[in-house]
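These are my notes on how the helices of one chain pack and where the nonpolar cores lie. I worked from the overall fold towards single residues.

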Amino acid sequence: MTDLETRLREVAVPEPPLGFDPDALADRAARDVRRRRAGITGTLAVASAAAAVAVFAPDPAPVPPAASPPSPPPLAEQARIRQALGDAVAGVFPGLRHLSVGTSSADAVSPARMSVTAEFVDAAGRPGSFQLTVYGRDAPDDHVPVVRSCAEPASIALRCDRIPQPGGAVLLVFESGVVTTGGLTKLRGFDGALHRADGSMVTLADAAGDAADSVQLSEEQLERVITDPAFALP
Amino acid sequence: MRAADDADFREFARARAFALRRTAYLLCGDWHLAEDLVQLTLIKLYRVWPKITRRGPVDNYARQVLLRCWLDESRRPWRRRERRDGVVPDRPAVLTETGISGPLLRALAEVPPKQRAAVVLRYCADLPAAAVADVLRCSEGTVRSQAARGLETLRGLLEHSAERSA
């Protein structure tokens, strides 16, 4: 055995206390399983009813049931969050024009999750686009990205800060950056993920892609928008 | 799930949470992410618990799920922000352990993922090659070659780090 193998076998890692309760996690997993099962049972009940109609109905032309579409949050909730994002963006970019806020139907996969995109032109005529995603505390785990940690060796965000918020929430701020050819233009913006103590989450990210003249959020603007309590789903 | 299975799972989670988190930390180098990965792993295990416990011990299966979670997480576009200026940014200081293991952990974080997984499971977790092959879903020969390459990379990184600090 080499010296390095021995060092690896004896590697000392001072471990912090466990940050979660295994029993609470098991409770959460059990709830998740029950919810999934309820969804499957509901789908099967609809399919069985449709099959019964197909077999016993005198009319031989019943319409087969369509696959159930994803169930987005209620329309009133969607409208409320769109309005709140419009207000928040207008609050941090005074004098903006052509503000349009839309819901992303591709992300409407759960009543506990929705994405909203705000597009606008700021007072200086630069385009801006940001996407906000709200995850309720019951959002299915498969749909919630694991971004509770600030950094990992594979991360190449320029910078990441973990900022505790009132009420036990934690805001992760990721600084992203693009320097255009020639090094003359520097665009630096911030993406964020807010984790609330109740398990709900909000993420806010630049959606303008590589548009060189697009508006970027400053850290203060990001924090003002993302911590708005209106961004919550039941 | 039956009450007995549920109790069995809880006992497993309580008993193995620390060990799984240590393995996750050695893979990803970040305690917060390690905790997230372990929680995700345990939730996924719960869904299939009665089925996998009928097949025998679940430790290797748990490590397999953990490894998948880590690889999936490191591939997320969220984590792959592209820089166009060719300048390598300063990495966040995630591995802050000091003492004799500090340089080793920092160097380990630089080893490519598959080699790192082989090194962590084979040496840090002290698993036999057959068990590592089971977790990585490859042959024992592949485990040996990945682990040997990982050690070689690690040795090179440690030497380079020692030269820089000298």
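I first fixed the criterion for burial: a residue is buried if 20 or more other C-beta atoms lie within 10 Å of its own. By that criterion, 40% of the 166 residues of chain B count as buried. I note that the model is predicted.

Entry on the fold. I looked up the secondary structure of chain B and found seven helices and zero strands. Along the sequence the pattern reads α-α-α-α-α-α-α. I then turned to contacts in chain B between residues at least 6 apart in sequence, of which 63% join residues at least 24 apart.

Entry on helix 1 and helix 2. I took helix 1 (residues 3–28) and helix 2 (residues 31–54) of chain B; their axes come within 8 Å and cross at roughly 145 degrees. The crossing of these two helices of chain B is right-handed. On the side of helix 1, I listed the contacting residues, including Phe9(B), Ala13(B), Ala17(B), Leu20(B) and Ala24(B). On the side of helix 2 they include Leu37(B), Val38(B), Thr41(B), Tyr46(B) and Trp49(B). Sorted by class, this contact has 16 nonpolar, two polar and four charged residues.

Entry on helix 5 and helix 7. In chain B, I found the axes of helix 5 and helix 7 to be 8 Å apart, at an angle of about 100 degrees. Helix 5 of chain B is therefore roughly perpendicular to helix 7 of chain B. Among the residues that meet here are Lys114(B), Val119(B) and Arg122(B) from helix 5, and Val143(B), Gly150(B) and Leu154(B) from helix 7. The contact of helix 5 with helix 7 of chain B divides into six nonpolar, four polar and four charged residues.

Entry on the cores. Which residues touch the most other members of the largest nonpolar core? I found Ala24(B), Leu37(B), Leu66(B) and Val119(B), in a core of 50 residues. Helix 2 (22–56) of chain A gives two or more residues to this core, as do helix 1 through helix 7 of chain B. Apart from this core lies another, of 37 residues, with Ala118(A), Leu132(A), Leu194(A) and Leu222(A) among them.

Entry on Leu66(B). I set aside its neighbours within four places in sequence and looked up the remaining contacts of Leu66(B). They are Leu20(B), Thr23(B), Ala24(B), Leu37(B), Val38(B) and Thr41(B). I note that Ala24(B) and Leu37(B) also appear in the contact of helix 1 with helix 2 of chain B.

How values were computed: Residues are numbered from 1 along each chain as its sequence is written. Chains are lettered from A and ligands numbered from 1 in the order in which they are written. This is a predicted model: local features need pLDDT of at least 70, side-chain atom pairs count only at pLDDT 80 or more; totals for chains, interfaces and linings use all residues. Axes are lines fitted to C-alpha atoms, for helices over the stretch in contact, and angles run from 0 to 180 degrees between N-to-C directions. Helices (H or I, at least four residues) and strands (E, at least two) are DSSP runs, numbered from the N terminus. A crossing is left-handed if the near helix is turned anticlockwise from the far one by less than a right angle, and right-handed if clockwise. Two residues are in contact if their C-beta atoms, placed from the backbone, lie within 7 Å. Ala, Val, Leu, Ile, Met, Phe, Trp, Tyr, Cys and Pro count as nonpolar, Asp, Glu, Lys and Arg as charged, and the others, Gly among them, as polar. A nonpolar core is a set of buried Ala, Val, Leu, Ile, Met, Phe, Trp, Tyr and Cys residues joined through C-beta atoms within 7 Å. A residue is buried if 20 or more other C-beta atoms lie within 10 Å of its own, exposed if 12 or fewer, and partly exposed in between; C-beta atoms are placed from the backbone. Angles under 35 degrees count as roughly parallel, over 145 as roughly antiparallel, 65 to 115 as roughly perpendicular and the rest as oblique.
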